[in-house]
Structures are given as C-alpha cells and as structure tokens.
Amino acid sequence: MTAKTMAEQVLSARSGTDARAGDVVVCDVDVVLGTDGSGPMAIDYFGAMGGTRLARPGTVFFSLDHYAPPTTDATRAFHARIRAFAAAHGATVFGVGEGISHQLAAERGIVRPGTLLAGADSHAVTCGALNAFAIGVGSSDLAAAMLTGQAWLRVPQTIRVRLDGALGAGASAKDAALTLVAMLGADGADYHAIEFAGSGVATLGMDDRFVFSNLMVEAGAKAALFPFDACTESYLFAAGVSASAYAPVASHAGAAFAGDRVLDLSAIGPCVARPHAPDDVVVLADAAGTPVQMVFVGTCTGGRVADFHAMRRAFDAAGGRVAPGVQLVLTPASAPVLEALMHDGTLTHLIAAGADVTTVGCGACCGTSGVIPSDGATVLSTANRNFKGRMGAATARIFLASPAVCGAAAATGRIPSSLTDREAP
Amino acid sequence: MIIDGRARVLGDDVNTDYIISSRRKRETIDATALAAFLLEGVDPAFAASVRPGDVIVAGRNFGCGSAMEVAATVILAAGIRAVVASSFARSFHRNAINNGLLVLVADTSGVREGAPVRMVVADDDARFEDVAGGVVRPAAPLPPIMRDILAAGGLVGYLKANGRFCEHPPREAPCRP
Ligand code: SF4
C-alpha cells in the first residue's frame, strides 16, 4: 500500500476503498450536523427524496444557533419544524442558547479523530482541529446523509502547512490564521484539504487549533486537519471520550502533497483583515487609529473562554471602560463558555464596564440574530468573515482581528497601533 | 447536454452572502420570493435585469463563503440556467449540481456582458463557447456521479430513482433501475 495523506486515510476507511486524491468515493458519514440555517431546507429535501426515516438517528444533530433567539415568525417556524422533525425521527436538537453547532460537536465529544463529519455549515471545518475530516455541505447533502448515512466525495489533494516556532507576546492564533489565509489567498485552497504539521503544532492549545481550522475555509479549504497528540487526547478526555473510542490518523511518510507551505509562528504579529475580504490582511499599524463604533467578541472563531480572557486583559490594560460611542457586544459560543465566564467573574467585570451580552450562538456574526451595526458603522470583530453586508448592515465596514486587539479597541474607541505587554494575550 | 444563453458577467470572489444576503433569510427561504434580491449586494438592479436562460459568467472562486444552499436555488429561481466560472468554492459547486444547476469550470476571461454563450457537457467532453467571439474553451469534465445527479435534475431526483448513492464502478449490486 502506498503512502496516504490524512484525508486519503479517512476517506479510504469510510468508503471501504483504496481512496486516492482525485477519486470520487461514497463514504459513510459519522456525524451529520445541521443548523437552523440549513436544517429547514434539509428537511424539505429529505421529504422530497421520499425520506421516511433517518439511516442512523444517533448520528444526526441540529443546533438552533443562527436564529438565537428567533425574532421573526419565519424563524420561529424554522425552530418548530426542526424540533418536530427531530422528535419524530430520533435526532438530537441543541436548543437556543446551547451553542454553535461545530463548537458543540467538539466540546461534547461528538466528533472524534479519524472520523468523517458532514456539517451543513461552511465552518464545520473547525472540527478538523480534532484530527477529523470535517467538511461543510449544503442542505441537500445534509438531507442525503440523513437519508442514506452517506455522502459522495471527491478525495481532495492536500496542502501541507508546516508551523514552525511559537507565537510571541502580542500574537494570537487569530493573527497567525489570518496571515495564513492572506498567504494562501481567498481561493488558494479551493478543493484542497489542509494538513498542519511541524513543531509549532505542539505549542498550540485546542482553542488555538480550532481558530486555524475554522479560518481555513476562508481560503477555500474542504477540510483542515491537525495531527493528533497529547493535547487532542486530553481535550477529548475532558469531553468524556476515552482513547479507546477513536482511531487517529497521521499522514504516512512519503504521502504526496499538492503543496508545502511554511508559517513561522514566531514571526507573527497582530494584524487585521480589512473590509470587505478576510484575505485582505494588514499589520495592525496599517489600520491603527481607525475609529470603531461596535466591537463584537464571539462566533465560532473567537467566542471561546481563552478568547474572552485575552480580550479582557487587553481591555483592562487599555483603560477597562467601554469608550464613549462604542458598543461592546459579547456572545459566548456555547453555554459552557458562558458558564465558565460567569464563574470566573469575566462577565460581571465586563458588564460593569459597559459591555452588552447577547444570547449564546452565532449572535451578530451574519445578521441573522443579535446586534445589527448602525448604517456606516465601523465594526471590529473576532469573527471570520467581513463581506459587505455580512452583519446585516450593507454600509457597515467590518475589520477582523484577534480578541486582544478587539479588547483594546473597545476601551479606546480606535484600532490600536500595537498591544502593550500587559495587553498581550 | 447543450445550454445556450446570454452572458451575465461577474468578477472574482462573488460570495454566497452577495448572491443572497443572510438578512433576507430571516423572512423566508423560499427561493422564488428571494429571487428578487439576487446579487443585490453586487448590483441592486441585477435581479430585475435577469432574463430566463441567462448564464452567469464569473471569475475566480464563485460562491465562496457560507455553504447556504439558497445561493444555488435562488439563481435557478431567477431563471438562470448555468454558471461558468474560472473556479468555484466547493460547497457552492456541490449545491449547484445537487439542484440541477449546471456549473462548469473554464477560462472565462474576455467574455462581454450580454454576449451569447454555449455550454456543452458530454461523457468525456465539456466546453464553454463564446459564440460571438468564436472562442471555444475546454471545461473541466464532470465526474460520472455529478453527471448522473445533473441528469436526474438534482439530488432529489437521483435519490428518488436510486434510493442510495451509486459508485463508478459499482462495488455492490448495480443501482436500480
Ligand atoms: S458564528 Fe458565524 S461563522 Fe460561525 S457558524 Fe455562526 S454564523 Fe457561521
């Protein structure tokens, strides 16, 4: 047998074939993940396909995250349909306030190393941080996976990204991942899987790895897998998954890669992506001084506990009060994140300093729920996309940055020129 | 399969939020109703100017961003028959095929707005023609499963007919019929 990439190994195992880049294979799907954004259409497709039962009900999950809480009759009805469908067919629903779909799949131990996850959300790739082949699909593919337990996939070629060194003070995984997106370009990984490698991997915690995998879809990646190591194992153990419950994959020596890129983590500094493209990345100094009217900390990219801690440190160091004329909006990515931030006092502190906290879920990320920016507002956000109109206001300008940069800006009302040592994550 | 149409030329990196804004989905996900807002982020007058049979001719990375499927169904609902682009984001490409919207990867440079174009898809051949300019460009051939899904009018028709996914070559008993 010849050497295989991680992607080829997972898809070989799930299809029962000797899968090679370029082959089209039919795979068994281990986790089928829908949201309230993609779920209602998937239920329509499922019915139209003649579906009467789920192939494997225990593998099907829906999260009510995009419209949390629902604010229109239409979105209330989406939730009711998903709940009724799941109850009738034995699927699991995570309700409003429980969390973002792929965050829940990770922290509840649903997605495991070596498995195939099909999520009807482009950021399902986030779960690749756990050494899984996790892809975003649309509603029809979700329906097909619900009905047949399978998906057809073209086995992707893989780009290997070697991470060297370690992040220095002031730099975060968000800065490094944005830099990588800019390096690859918005279509630089189209149709490709990304595999991370190198000594830098061990310096990154799971929360950092989720940020990397999450943002790789902004370069078009189909999946973005991290190698399995002790860090992955302890994260899964904490999620209640023992090592006997999964089989990690590691790429074989001599596996063929479509490209090799190197990112030196020690050379990364704070940066921002400018409106209206996630790959339009500049160093912080090039955007410094830009006044902001809204700062958003949340989403599946920047809404985990470590993100809020980094944001708080920088916010406190820059004055510790929300600047006049700024709205600071905080939306934890899941209920456990919210609880952790309540227990450790982070939220009490930030609310007293002038922050607004909104319902757990996607929040203001894509204009479906939460706070919509004012016309013409400049927004600084920990999210992953800054397309024109993304947050529901066509005239808003969205900059993407790390939680620390967002924290400093919330306190000063401007994009900072640098992070002081005390502000550094 | 041969599709003739009028080119509607777009640029690079047209993301699915530009094709149809998430904000519009708070009121409905009915593609027919949403078609009035097709590509409003790129050109507010676009939707009203679409004629049945139009073909989108785009640059690189068409359909990047969110995997939301209405981005494909709203294009169909507006009466557009096909999209040809120099590259696609993979989730849009899948969604298009799954709904019977022909998508072809070909060099689209130099095609003028409104120009007559033709797409040809056969078993081992696919091409894109700028009819007025007399230019014929090879397109990436579609794998058999994609052609089967397109021929069935999309994934719904395909799974209704077959009951499951069929492989090429098949590993098990042949798919029905
Ligand atoms: S937080 Fe934003 S990017 Fe993440 S799943 Fe929700 S809408 Fe999508």
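Start with chain B, which has 7 helices and 7 strands. This is a predicted model. Colour chain B by secondary structure and follow the chain from its start: the order of elements is β-α-α-α-β-α-β-α-β-β-β-β-α-α.

**Chain B as a whole**

Keep chain B selected and show the C-alpha trace. Along its principal axes the trace spans about 50 × 45 × 25 Å. The radius of gyration of chain B is 16 Å, and this agrees with the value near 16 Å that a compact globule of 177 residues would have. Of the 177 residues in chain B, 58% are buried. Now turn to the contacts in chain B with a separation of 6 or more: 61% of them come from residues 24 or more positions apart.

**Asn99(B)**

Next, select Asn99(B). This residue belongs to the loop between helix H5 (90-98) and strand E4 (102-105) of chain B. Is Asn99(B) buried or exposed? Its relative accessible area is 14%, so Asn99(B) counts as buried, the limit being under 20%. Show what Asn99(B) touches, leaving out residues up to four places away in sequence. On the chain B side there are Glu69(B), Ala72(B), Thr73(B), Leu76(B), Gly153(B) and Gly154(B). From chain A, Asn99(B) touches Tyr45(A) and Ser140(A).

**The ligand**

Move to the ligand, which sits in the largest cavity. Which residues are around the ligand? Select His66(A), Ile100(A), His102(A), Asp121(A), His123(A), Thr299(A), Cys300(A), Cys362(A), Cys365(A), Cys366(A), Asn384(A) and Arg390(A). Coloured by class, this shell divides into 5 nonpolar, 5 polar and 2 charged residues.

From that shell, pick Thr299(A), one of the residues around the ligand. Thr299(A) is found in helix H9 (residues 299-302) of chain A. With a relative accessible area of 2%, Thr299(A) is buried. Check the backbone here as well: phi of Thr299(A) is near 80°, a positive value in a residue other than glycine. Most residues other than glycine have a negative phi.

**Another positive phi**

Now select Tyr191(A), in the loop between helix H6 (173-184) and strand E9 (193-197) of chain A. Tyr191(A) is not a glycine, yet has a positive phi of about 65°. How much of Tyr191(A) is accessible? The relative accessible area is 30%, and Tyr191(A) is partly exposed.

**Two cis peptide bonds**

Stay in chain A and look at two peptide bonds. Most peptide bonds are trans. The bond from Ala68(A) to Pro69(A) is cis, with omega near -5°. Pro69(A) lies in the loop between strand E3 (60-63) and helix H3 (73-89) of chain A.

The second stop is the bond from Pro275(A) to His276(A), which is also cis, with omega near 0°. Here the proline comes before the bond and His276(A) after. Find His276(A) in the loop between strand E12 (271-273) and strand E13 (281-283) of chain A.

**Helix H7 of chain A**

Finish with residues 206-215 of chain A, which form helix H7. Why is helix H7 of chain A described as largely enclosed by the rest of the structure? The reason is that 8 of its 10 residues are buried. To see them, select Met206(A), Arg209(A), Phe210(A), Val211(A), Phe212(A), Ser213(A), Asn214(A) and Leu215(A).

Terms used. Residues numbered from 1 in each chain as written. Chains lettered and ligands numbered in written order. Predicted model: local features only at pLDDT ≥ 70, side-chain atom pairs only at ≥ 80, totals over all residues. Heavy atoms only, no water. Near = heavy atom within 4 Å. 1 Å grid on protein atoms, 1.4 Å probe; cavity = no way out; pocket = protein on both sides within 12 Å on 5 of 7 lines; lining within 4 Å. Sits in = over half its atoms within 2 Å of the grid points. Nonpolar A, V, L, I, M, F, W, Y, C, P; charged D, E, K, R; others polar. Helix = DSSP H or I, 4+ residues; strand = E, 2+ residues; numbered from the N terminus. Rg over C-alpha atoms; globule rule 2.2 N^0.38 Å. Buried < 20%, exposed > 50% of the residue type's maximum accessible area, 1.4 Å probe, protein only. Contact = heavy atoms within 4.5 Å.
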